[in-house]
Amino acid sequence: MTLFHEMYGAYFRIAARVLDAAPLTDRQVNEIVAAEGFRDSVLFVPQKLLPQADGSDWGLLRRNPDGTLAAVTKHKPVMPLTLLQKRWLKARLSDPKMQLFFDDETFAALTDALADVSPLWQPELFRYTDRFSDGDPFTEPAYRAHFRALLHAIRTKAIVQIRFQTGGGRRIAMQYLPLAIEYSRKNDKFRLYCRSVRGNRLAGSGIINLGRIEQVTETGRHYDGEISLTEYFQMRRNRTHVTVRVTTERNAVERFLMEFASYEKHTERDAETGTLTVKLYYDKQDETELLIQLLSFGPVLEILGPPDFRAQAAERVLRQYELLGLNKEEQDAP
Amino acid sequence: MAGFSELIKTFEKTRDYIRDFFIYGCKARGEFVRKSSRTYDDEKRRAESWLGDVIRYDDSMHGRQVSISVDSGHIPENPLYQAYGAKSFTDNDIRLHFLLLDLLADGRPQNLRTLTDRLSTEYAAVFDEQTVRNKLREYTAEGLLTSEIQGKTAYYRIVPETAAKLLAEYPGLDEAVRFYSEDEEFGVIGAQILRSTGLRNDIFYRKHHYIVHTLEDAVLPEFLAAAAEKRRVCFRTFSAKAQRRPDSEGGSFEVVPMQILASVQTGRRYLAAYIPEQKRFHAFRLDFIRNVKRSVPEPDYDRLAEVYHRNLAHVFGVSFGMRRDLGAVEPVILTITLNEHTEGYIRERLEREKRIGSLEKAGEGLYTLTVDAFDPNEVMHWSKTLIGRIVSVEGGTKQMRGRFYYDICRMRNMYGGDADDAVS
């Protein structure tokens with residue numbers, strides 16, 4: 001049982017699609033290869049699929065008298081669910097978030113169906129060392145109901161009334177068009193990406209913590225326009241970036257690049273000193289989180305700008321310096 | 001680029017390259033000292049093919065190396081999964097795959113002799129029995145086929161369940177698979193299920209998402225299986241320093257695996273294990289580990305696991321400490337100030353982030369966080385997220401406290417006073 005196996009590979013998937021679509025033309029073969037393959041697959045795969053005079057092809061297609069290509073197989077290609085895939089599904093059943101997707105009856109039926117399968121891993125073999133301890137109540141009936149109502153609304157483009165509490169404790173009830181759902185492993189929480197609706201038009205962009213939602217009500221109305229998540233992300237994006245300099249001291253470059261791997265960024269490395277100068281892009285509402293994350297690197301990372309961001313860092317550092325009231329001896333290198 | 005193939009035989013070598021291209025996008029050819037320049041060119045071409053929409057590099061600017069990456073939170077499908085779709089194979093492999101499954105598609109059990117004959121008569125595909133037998137056995141092990149002995153002969157039958165049938169039978173399962181297909185542990189398996197049914201994840205996004213972790217999924221199953229079977233496991237580990245030495249063979253270990261420790265904030269993951277030779281627990285960086293092999297059963301596994309879980313009460317991050325070096329370590333006591341009326345969120349933050357620590361109110365607007373950790377340095381690293389609020393640091397070691405004070409002074413010099421001219 002192996003994860004890195006050719007039957008899960010792009011070339012096998014291409015071949016299955018081609019056999020499924022047969023009879024087809026050479027051009028259609030190329031289109032499938034372009035859609036399903038890697039960037040350069042059109043250079044390698046068609047010659048193995050199309051019948052070759054020297055027999056160097058895979059022997060899966062033959063040429064019809066009219067020039068089209070037919071499958072040598074008699075049935076549509078079938079790919080059974082593999083043991084690895086079943087064991088993965090079984091392992092997922094023990095995650096509390098799994099129940100969000102099902103009603104109790106369906107969840108019980110799926111559990112029964114996989115009863116004889118051993119899970120790929122036991123959940124206790126993973127420990128998340130710094131996950132926040134106040135994650136969402138995934139198994140609570142009301143939370144599950146909200147999750148499923150929002151998921152349904154996303155799929156049907158339904159406009160719903162959502163009542164929730166803001167971070168500041170205010171209670172808001174407005175009409176929204178749910179677009180997508182975000183999960184953070186660090187916070188162990190879900191958030192809803194949505195657009196507010198005024199009349200029949202989409203207005204602002206929003207993010208709502210699912211844990212703060214009190215009620216989701218159908219309005220009976222649906223949005224019939226195109227939905228673009230790209231447009232949503234552009235609306236949310238803060239055009240301001242923060243610029244930092246990271247030195248090579250204490251392995252900071254490696255630590256920084258790893259920790260901030262998920263960020264949109266422009267990184268320049270001085271080839272001689274190894275020092276990085278990085279522009280990090282972020283959502284405005286994540287500014288405090290980013291600030292404390294950057295400060296946790298200590299003196300091996302310097303926030304260069306913009307001025308107001310740097311000033312926030314400076315204010316915290318100076319306050320810290322004063323709080324400790326260090327004497328001369330304590331200020332010297334250890 | 002004669003001889004270039006999009007496909008790869010082994011995952012480990014490519015895993016190194018992709019990780020380096022992704023994490024250190026700005027790494028230049030000369031820094032990959034362990035491999036030839038031809039290998040570098042091939043691996044770079046693959047990396048660019050898989051990561052083209054996510055990261056770009058330009059190592060040609062004078063004295064600078066530049067990389068530009070997009071926000072992983074805005075990508076609905078991990079592009080590194082493509083690495084798992086690049087396993088090389090022979091012409092016979094792909095031909096036998098489609099022809100054998102075609103012969104078995106009607107669900108009737110058939111034996112080796114019949115299948116070999118039918119390959120020849122129905123598809124003009126001539127294979128020796130040994131080749132067909134090997135493929136049938138392989139596919140039985142992978143779960144695509146079942147085999148049943150009738151008399152003295154094995155009969156093979158195709159497994160009737162397909163992903164499409166399962167997703168149709170259990171409403172909601174398609175969405176669940178979409179969601180978990182982006183999980184950092186084995187999400188790639190979910191993505192493979194989706195792709196086999198023509199589905200894609202289009203609505204679930206991840207924040208704080210380390211897409212590079214998928215590259216370690218190739219080594220994880222061996223650890224998880226060894227832990228489940230209470231066995232030891234052998235591997236080599238190459239630190240960042242060892243990776244830069246072309247002749248390095250890394251360190252060789254035989255350990256008793258306990259858990260995978262994942263930091264959801266730093267992106268690092270570790271194998272926590274007991275090292276019998278050194279009689280101690282240690283956390284090994286997963287991304288530095290190579291050549292993993294299950295070894296002998298560990299007769300003392302249950303007792304070691306009990307000790308391990310007892311020890312976890314003193315592990316703040318992943319470090320089991322170096323008591324021999326540090327000597328006795330006192331609990332670290334951080335005193336933190338906050339405004340009781342306007343900064344309740346700081347108290348909440350301390351509660352959710354304190355891990356093994358205990359939080360107590362010490363006075364109006366003052367709280368103490370006591371952490372009895374094997375390695376106080378891990379506590380102090382985290383404490384820097386509270387810069388501006390720490391009234392005092394007690395306990396730990398003298399060196400630890402000295403380093404914290406020194407760092408604060410350096411930061412004060414960095415940000416403080418009239419000399420602050422770094423603003424851009």
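Helix α8 of chain B is largely enclosed by the rest of the structure, because eight of its ten residues are buried. The model is a predicted one, and in it the buried residues of α8(B) pack against α4 of chain A as well as against α6 (163-169) and α7 (173-180) of chain B. Chain A and chain B meet over an interface in which 108 residues of chain A are in contact with 120 residues of chain B, and three helix pairings across that interface are described below, together with the residue A:Q320 and the makeup of each chain.

**Helix α8 of chain B and its partner α4 of chain A**

- The buried residues of α8(B) are B:G187, B:V188, B:I189, B:G190, B:A191, B:Q192, B:I193 and B:S196, and just after this helix B:G198 takes a positive phi of about 80°.
- Helix α4 of chain A, which spans residues 83-93, packs with α8 of chain B, residues 187-196, at an angle of about 120°, and their axes are 10 Å apart.
- At that angle α4(A) and α8(B) are therefore oblique to each other, and α4(A) passes α8(B) in a left-handed crossing.
- Which residues make this pairing? On the side of α4(A) they are A:L84, A:Q85 and A:W88, which meet B:I189, B:G190 and B:I193 in α8(B).
- By class, the residues of the contact of α4(A) with α8(B) divide into four nonpolar, two polar and no charged.
- B:I189, B:G190 and B:I193, which meet α4(A), are also listed among the buried residues of α8(B).

**Helix α10 of chain A against helix α15 of chain B**

- Helix α10 of chain A (residues 307-324) and helix α15 of chain B (residues 398-415) pack at an angle of about 135°, with a separation of 9 Å between their axes.
- α10(A) and α15(B) are therefore oblique to each other, and their crossing is left-handed.
- In this pairing A:A313, A:A314, A:V317, A:L318, A:Q320, A:Y321 and A:L324 of α10(A) meet B:Y405, B:I408, B:M411, B:R412 and B:Y415 of α15(B).
- The contact of α10(A) with α15(B) has ten nonpolar, one polar and one charged residues by class.
- An α-helix has 3.6 residues a turn, so residues three or four places apart point the same way.

**The residue A:Q320**

- A:Q320 is found in helix α10 of chain A, and with 20 C-beta neighbours inside 10 Å, A:Q320 counts as buried.
- Once its neighbours within four places in sequence are left aside, A:Q320 is in contact with B:I387, B:G388, B:I390 and B:I408.
- Of these residues, B:I408 belongs to the part of α15(B) that meets α10(A).

**Helix α1 of chain A against helix α3 of chain B**

- Helix α1 of chain A, covering residues 10-21, packs with helix α3 of chain B, covering residues 91-103, at an angle of about 40°, and the axes lie 11 Å apart.
- α1(A) and α3(B) are therefore oblique to each other, while the crossing in which α1(A) passes α3(B) is right-handed.
- A:F12, A:A15 and A:L19 in α1(A) meet B:I94, B:H97 and B:F98 in α3(B), and by class this contact of α1(A) with α3(B) has five nonpolar, one polar and no charged residues.

**The interface as a whole**

- Across the interface, 108 residues of chain A are in contact with 120 residues of chain B, and α10(A) gives the most to the side of chain A that touches chain B, with twelve residues.
- The residues on the side of chain A that touches chain B divide into 59 nonpolar, 22 polar and 27 charged.

**The two chains**

- Chain A has eleven helices and twelve strands, and its radius of gyration is 27 Å, well over the 20 Å that the globule rule gives for 334 residues, so chain A is more spread out than a compact globule.
- Taken along the principal axes, the C-alpha atoms of chain A fill a box of roughly 90 × 60 × 45 Å.
- Of the 334 residues of chain A, 36% count as buried, and among its contacts between residues at least 6 apart in sequence, 56% join residues at least 24 apart.
- Chain B has 15 helices and 15 strands, and buried residues make up 41% of its 424 residues.
- In chain B, residues 24 or more positions apart account for 63% of the contacts with a separation of 6 or more.

Definitions and conventions. Residues numbered from 1 in each chain as written. Chains lettered and ligands numbered in written order. Predicted model: local features only at pLDDT ≥ 70, side-chain atom pairs only at ≥ 80, totals over all residues. Axes fitted to C-alpha atoms, helices over the stretch in contact; angles between N-to-C directions. Helix = DSSP H or I, 4+ residues; strand = E, 2+ residues; numbered from the N terminus. Parallel < 35°, antiparallel > 145°, perpendicular 65-115°, else oblique. Left-handed = near helix turned anticlockwise from the far one by under 90°. Contact = placed C-beta atoms within 7 Å. Nonpolar A, V, L, I, M, F, W, Y, C, P; charged D, E, K, R; others polar. Rg over C-alpha atoms; globule rule 2.2 N^0.38 Å. Buried ≥ 20, exposed ≤ 12 C-beta atoms within 10 Å, placed from the backbone.
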